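Work through the exercises below with the sequence and the 3D structure at hand. Try each task before reading its solution.

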Amino acid sequence: MEVKLQHFLFKTYSYYTPTRIVFGVHSSKKLVEEVSKFSPKKVFVVSGKTVRSLGIVDELCKPLEEAGFSVTVFSQVEPEPSIDTARKAVLAVRSEGFDLVIGIGGGSSMDVAKIAAALAKNPGDVSEYVGAYKVKEKRLPLILVPTVFGTGSEVSPAAVVVDGRVKVALWSFNLNADVSIIDPVLSITVPPKTTAASGIDALSHAIESLMSVEANNFTDALALEAIGLVFTYLERAYANGEDIEARYGVALASALAGMAFTNAGLCLPHGIAYTYAVDYKLAHGASCALCLPYVMEYNLPTVPEKLASAALAMGLDVAGFSSKEAAVEAIGAVRELIESLELPTSLSDVGVPKEELPKMVEDLFTNQQRFIARNPRKPTKEDMEKLYEAMWEEL
Ligand SMILES: [Fe+2]
């Protein structure tokens, strides 16, 4: 049940990740060295309130100031940031002659940092850049320092903001950071609930990359390694935040899965998650956890070997199983992991009234077509109505 080359034998594809990664325990001590390589005078730092209140931002910025850089901190990024927050960051970065941007925090802070760096050099409003490859002019130099691991934003060309009640994405290799400094130590204070949700986001990225119609040999290798790391380390990081080896494993999984989805693209789970995450104020990873096993089940007839390879990556004993039987085991293991991390497992659990389901299905087909396009099984509205009902009732 190894990954079979015939999946890709008659396909020409490309693989690209433009971000240089500096990885390791205490690697964030390299920030001054990495900043110095760009010889900036004025540095604009983007972060969230929580990460700033924990002292992480000041701890990272102090050596920069001591080294003679002028540092301005914008720390207004909220979880699931609104397009207005991104606009505020853009206004701030355009107001002075900054020459380097640093994003410190989770996916939200990193995404807003990407937008600020891009729009410092590109005119107009953030909304004009929603979609793929619209950022034309080279952005300001950008360094990302993740403190929560899972979104993969540290290596991806994506920046997601909430516009009204719709999650919209900017996607451009011009948004990728020049450098990402990945230091597992910075995530030690992340609470269990956030650790669980963001870790499942990484798992979802990996499994979606594996299932995507745009998968290739490189993205499969990255995705399978990420799946193995999540199954080995996420429960440990959840149970004991100070388990540095577990934090290391999850940080590595986040980056590998981010590199996978940068090239394979995400499919149906993220599209479905976007149809209820905003209205029901769910953490992004929790919204993915809700639908991931259901979509795996739905996709099983089209990608049994892929899901069987996931079972092997998870370390499940599937010797002698058919691909389909192994795939069923993989889906069961994902369900068990989500339950053990105490994440919500049904739409009714998170307060969705059953009568709202048809609207969500409409929303999926109206606003999330790009995810449907990459899904290996092409869903009908009827299929999705059944799937949402199963997710509501936890069938
Ligand atoms: Fe995600």
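**Exercise 1: Two domains**

The centres of domain 1 and domain 2, taken over C-alpha atoms, are separated by 27 Å. This is a predicted model: local features need pLDDT of at least 70, side-chain atom pairs count only at pLDDT 80 or more, and totals for chains, interfaces and linings use all residues. Residues are numbered from 1 along each chain as its sequence is written.

Task: state which residues belong to each domain, and describe the side of domain 1 that touches domain 2.

Solution.

Step 1. Domain 1 consists of 5–13 + 189–393, and domain 2 of 27–182; the bounds come from an automatic or database domain assignment.

Step 2. Contact joins 25 residues of domain 1 to 18 residues of domain 2 (two residues are in contact if their C-beta atoms, placed from the backbone, lie within 7 Å).

Step 3. On the side of domain 1 that touches domain 2, the elements giving two or more residues are H6, helix H8 (244–264) and helix H10 (284–299). Helices (H or I, at least four residues) and strands (E, at least two) are DSSP runs, numbered from the N terminus.

Step 4. H8 supplies the largest share of that side, 9 residues.

Step 5. The residues of that side of domain 1 comprise 12 nonpolar, 11 polar and 2 charged. Ala, Val, Leu, Ile, Met, Phe, Trp, Tyr, Cys and Pro count as nonpolar, Asp, Glu, Lys and Arg as charged, and the others, Gly among them, as polar.

**Exercise 2: The sheet**

Task: give the strand order of the open sheet and explain why S1 and S3 each have one side without a neighbour in the sheet.

Solution.

Step 1. The open sheet has 6 strands in the order S1-S9-S6-S4-S2-S3, and the pairing is parallel (two strands pair if DSSP finds at least two bridges between them).

Step 2. Strand S1 (20–23) and strand S3 (70–77) are at the edges and have a single partner strand each, so one side of each is left without a neighbour in the sheet.

Step 3. From one strand to the next, the twist averages 20°. Axes are lines fitted to C-alpha atoms, for helices over the stretch in contact, and angles run from 0 to 180 degrees between N-to-C directions.

Step 4. S1 runs parallel to strand S9 (residues 179–182), to which 4 bridges join it. Arg20 has Val179 in S9 as its bridge partner.

Step 5. Helix H4 (residues 83–95) packs on the sheet and touches strand S2 (42–48), S3 and strand S4 (100–105). The direction of H4 makes about 165° with that of S3.

**Exercise 3: Two helix pairs**

Task: how are H6 and H7 oriented, and how are H10 and H15 oriented?

Solution.

Step 1. The axes of helix H6 (residues 192–211) and helix H7 (residues 217–239) come within 8 Å, crossing at roughly 160°. That makes H6 roughly antiparallel to H7. Angles under 35 degrees count as roughly parallel, over 145 as roughly antiparallel, 65 to 115 as roughly perpendicular and the rest as oblique.

Step 2. The contact of H6 with H7 has 14 nonpolar, 4 polar and 1 charged residues.

Step 3. H10 and H15 pack at about 135°, and their axes are 10 Å apart. H10 and H15 are therefore oblique to each other.

Step 4. Leu290, Cys291, Tyr294 and Tyr298 of H10 make the contact with Leu387, Ala390 and Met391 of H15. By class, the contact of H10 with H15 has 7 nonpolar, no polar and no charged residues.
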